[in-house]
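Let's take a friendly walk through one sheet and see how its strands sit together. Keep the picture open as you read.

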Amino acid sequence: MGQTESAPDLGYHVLQVAPNSPGEKAGLVPYFDFIVSVNEQPLKKEDKILENTLNESIGELVHLYVFNNRTETYRKVVVQPSKTWGGAGVAGISIRFCTYYNATSYVWHVLDVHPNSPAAEAGLEPHTDYIVGTIDIVFNSGEDFYTFINVSIGKVVPLYVFSSQTNRVRLVSITPNRIWGGNGCLGCDVGYGYLHRIPSPPQLQPSQQQLLQEYQQPQQSNIVESVHLTTVPLSNISTSLDSQPIIEPNEFTETEKLAQSLQYNEGVQT
């Protein structure tokens with residue numbers, strides 16, 4: 001496993017983790033987790049190794065090595081693939097192969113959401129929501145998001161949004177348009193740059209550390225699965241938004257809320 005950390009900054013980006021899935025029980029964190037090896041085999045290129053290993057290990061323990069881009073830590077995760085957990089796939093996760101270098105730098109902070117706007121209808125929350133990406137496109141610069149929205153006028157756009165209030169990533173659908181009655185095509189103001197990055201996770205207190213360990217203990221058997229997603233380059237697209245208004249949270253029990261938020265401090269489990 002020591003060789004994994006010296007490998008190129010590539011891995012399978014965990015985009016979604018279904019509720020009650022093997023991936024969730026293993027502690028995988030959407031958007032921030034990257035699977036870099038499976039059963040001590042580095043994942044240096046896009047192939048079928050991870051997918052085949054999971055599909056061929058139903059009911060068995062699969063050992064993953066995961067990098068968390070928010071805490072910048074590596075951790076070991078054990079998942080147990082299953083066909084009977086109640087959802088799609090044997091791990092209940094969606095992934096794509098890409099680099100995790102600077103992956104959390106391209107974030108757009110939702111500052112204000114105007115009433116009756118596309119952003120309001122999509123459920124975007126001011127100040128606590130951060131737009132972190134889309135299903136099909138990997139953003140590589142600060143202008144990519146504005147360009148993407150500008151060429152998507154009138155289309156339903158799926159966006160991954162992180163909430164600092166719930167410590168969760170959710171998928172939001174929004175339809176940019178210029179006829180909603182206000183300024184901009186999204187109806188929200190966003191900030192980009194160092195001052196608008198996702199805040200660092202809080203430090204664990206000893207009592208919280210014990211709770212996290214107790215929460216994770218019964219989850220020794222966990223899962224992860226891959227879904228092929230296509231990356232669309234933006235190199236040939238050039239447009240500008242007339243303004244930069246833009247564009248997701250969930251309910252848990254009190255124990256789950258705390259335990260789920262604490263997992264960010266352990267580095268994530270895949």
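Which residue in S8 is the bridge partner of Trp108? Look for Ile131, which takes that role. This is a predicted model, in which local features need pLDDT of at least 70, side-chain atom pairs count only at pLDDT 80 or more, and totals for chains, interfaces and linings use all residues. Residues are numbered from 1 along each chain as its sequence is written, and side-chain values use heavy atoms, with hydrogens and water left out.

Strands here are DSSP runs of E with at least two residues, numbered from the N terminus. Two strands pair if DSSP finds at least two bridges between them. Strand S7 (residues 108–113) is joined to S8 by two bridges, and the two run antiparallel. On to strand S9 (residues 157–163): five bridges join S9 to S8, again antiparallel. One residue to find there is Phe162 in S9, the bridge partner of Tyr130.

Now step back to the whole sheet. Its five strands form an open sheet in the order S10-S9-S8-S7-S11, with antiparallel pairing. S10 (168–174) and S11 (188–192) stand at the edges with a single partner strand each, so one side of each has no neighbour in the sheet.

What about strand S8 (residues 129–134)? Six of its six residues are buried, so S8 is largely enclosed by the rest of the structure. Buried means under 20% relative accessible area (1.4 Å probe, protein chains only).

Note on methods. Buried means under 20% relative accessible area, exposed over 50%, partly exposed in between (1.4 Å probe, protein chains only). Helices (H or I, at least four residues) and strands (E, at least two) are DSSP runs, numbered from the N terminus.
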